[in-house]
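Trainee: I would like to learn how to read a model feature by feature, taking the general idea before the particular case. Could we go through one together?

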Amino acid sequence: MSSTDHRTEPDTAAPPAGASDQHVAYHPSAREYIRVGLLLIALTCIEVLLSYSSLSGTKLVVALFACTIIKFVLVVGYFMHLKFDNGRFSRVFALGAIGAFTLYAVVLLMFRVWSS
Amino acid sequence: MADAHADLVHTEYTSTGLRSTKLAMWLFLASECLLFGGLITAYVLYRGQSTTGPYPQDVFDIGYTSVSSFVLLASSLTMVLSHNAALARDYARMRLWLLATAMLGLCFVGGQVFEFTSFFREGLTLHTNLFGSTFFVLTGFHGVHVTVGILMLLILVAFSFRGSLSDDPAFPVEMVGLYWHFVDIVWIVIFTVVYLIPAPPPHGAV
């Protein structure tokens with residue numbers, strides 16, 4: 001397994017004239033990926049321990065969601081390369097993810113899920 | 001002629017300079033956020049609204065589902081290692097990691113089938129109550145996505161052995177990887193919302 005960094009041509013390697021983003025994409029090494037993987041497993045362990053802990057109610061939900069958001073960002077940023085890729089891909093995905101979150105948060109608010 | 005075709009395939013860029021296949025994949029994943037967002041919202045809306053059992057606390061086994069989650073997280077790691085190997089043009093290792101990812105995915109789906117079967121034995125079906133309907137639809141849709149991902153991985157391995165992957169095998173591996181990691185992040189959310197956050201007491205319970 002190669003643990004060296006790979007610098008490859010970006011997906012904008014041969015863009016049409018006038019294209020603005022021509023950065024070189026950075027790909028983390030295998031060792032970095034393993035570190036992120038271990039972090040994800042550790043966060044999952046923390047989540048499971050939290051669910052068995054004496055924490056309850058809002059505190060538990062906030063703690064669990066904090067872990068979930070960190071895991072989400074790690075996978076999207078490192079494994080899906082959004083941290084290193086062209087910013088436009090991040091914006092496209094954010095449009096869907098944040099749009100969906102906003103839409104369904106409004107739906108849940110309308111049905112007063114949190115007040116029940 | 002073949003080279004011209006290959007050039008055409010590999011240099012399809014949008015007017016923004018982004019590779020169109022990759023942009024399409026990200027647009028697809030963005031739309032999938034809406035699909036799974038809707039299913040998760042339906043589950044949350046009907047939490048604690050079931051009037052008959054079995055209820056979540058009667059059937060869930062957090063320890064068992066945690067192991068499934070670890071398996072899926074490990075599969076994301078093997079997937080990204082396969083992409084790394086493809087970038088390094090180490091195709092034997094790429095195939096090995098792809099197969100490992102597919103095997104871990106199969107373990108996850110097998111675990112889900114076992115879980116569904118045990119729930120069924122305890123009397124929980126799609127029609128039993130609101131919990132059963134929303135739970136099976138949400139996790140079932142996710143399971144179907146994992147299964148599709150496994151098929152894509154196996155097709156990738158088969159194409160790789162046949163030598164019919166493009167000149168740049170790292171690209172299709174990256175595309176399948178994006179889909180696979182997305183399935184993983186959906187599970188990260190499902191695991192917390194469905195399994196870890198305690199369900200409210202059954203409807204009408206004091």
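Trainee: Where is B:L96 found, and which word fits it, buried or exposed?

Mentor: In this predicted model, B:L96 is found in helix α5 of chain B. Its relative accessibility is 52%, and because exposed means over 50%, B:L96 counts as exposed. The C-alpha atom of B:L96 is separated by 31 Å from that of B:S31, although the two residues are 65 apart along the chain.

Trainee: What should I compare with that, and where is A:L60 placed?

Mentor: A:L60 is in helix α2 of chain A, and at 2% relative accessibility it counts as buried. A:L60 and A:L50 are 10 residues apart in sequence, with their C-alpha atoms 7.1 Å apart in space. If residues up to four places away in sequence are not counted, A:L60 touches A:L50, A:S51 and A:L55, and also B:P198 of chain B.

Trainee: Which other residues of α2(A) are buried, and what do they pack against?

Mentor: The general idea is that an α-helix has 3.6 residues a turn, so residues three or four places apart point the same way. In this case the buried residues of α2(A) are A:L60, A:L64, A:C67, A:T68, A:K71, A:L74, A:V75, A:V76, A:G77 and A:F79. These buried residues pack against α1 and α3 of chain A, together with α4 and α7 of chain B.

Trainee: How do I check the length of a helix, for instance the span of α2(A)?

Mentor: One compares the span expected at 1.5 Å a residue with the distance between the end C-alpha atoms. For the 23 residues of α2(A) the expected span is 33 Å, and the end C-alpha atoms are 32 Å apart, which agrees. Helix α1 of chain A, residues 30-52, also has 23 residues and should span 33 Å; its end C-alpha atoms are 33 Å apart, which again agrees. The buried residues of α1(A) include A:Y33, A:L40, A:L43, A:E47 and A:L50.

Trainee: How do these helices fit into chain A, and what is the order of its elements?

Mentor: Chain A has 3 helices and 2 strands, and from the N terminus on its elements run β-β-α-α-α. Of the 116 residues of chain A, 41% count as buried. Among the contacts in chain A with a separation of 6 or more, 49% are accounted for by residues 24 or more positions apart.

Trainee: How should I read a positive phi, and where is A:H81 placed?

Mentor: Most residues other than glycine have a negative phi. A:H81 is not a glycine, yet it has a positive phi of about 65°. Its place is in the loop between α2 (57-79) and α3 (87-110) of chain A, just after α2(A). A:H81 is buried, with a relative accessible area of 3%.

Trainee: What about B:R89, and is that residue buried or exposed?

Mentor: B:R89 has a positive phi of about 60° although it is not a glycine, and it is found in the loop between α4 (62-87) and α5 (91-121) of chain B. At 53% relative accessibility, B:R89 counts as exposed, whereas A:H81 is buried.

Trainee: How do I read the crossing of two helices, and at what angle do the axes of α5(B) and α6(B) cross?

Mentor: The angle is taken between N-to-C directions, and one over 145 degrees counts as roughly antiparallel. The axes of α5(B) and α6(B) come within 9 Å and cross at roughly 155°, which makes α5(B) roughly antiparallel to α6(B). The crossing is left-handed, and the residues of this contact divide into 18 nonpolar, 9 polar and 2 charged.

Trainee: What is the corresponding picture for α6(B) and α7(B)?

Mentor: The axes of α6 (residues 130-162) and α7 (residues 170-196) of chain B come within 10 Å and cross at roughly 160°, which makes α6(B) roughly antiparallel to α7(B). This crossing is left-handed. Among the residues that make the contact are B:F135, B:L138, B:H142 and B:L153 of α6(B), and B:V176, B:W180, B:W187 and B:Y195 of α7(B). By class, the contact has 19 nonpolar, 4 polar and no charged residues.

Key: Residues numbered from 1 in each chain as written. Chains lettered and ligands numbered in written order. Predicted model: local features only at pLDDT ≥ 70, side-chain atom pairs only at ≥ 80, totals over all residues. Heavy atoms only, no water. Axes fitted to C-alpha atoms, helices over the stretch in contact; angles between N-to-C directions. Helix = DSSP H or I, 4+ residues; strand = E, 2+ residues; numbered from the N terminus. Parallel < 35°, antiparallel > 145°, perpendicular 65-115°, else oblique. Left-handed = near helix turned anticlockwise from the far one by under 90°. Contact = heavy atoms within 4.5 Å. Nonpolar A, V, L, I, M, F, W, Y, C, P; charged D, E, K, R; others polar. Expected span 1.5 Å × (residues − 1). Buried < 20%, exposed > 50% of the residue type's maximum accessible area, 1.4 Å probe, protein only.
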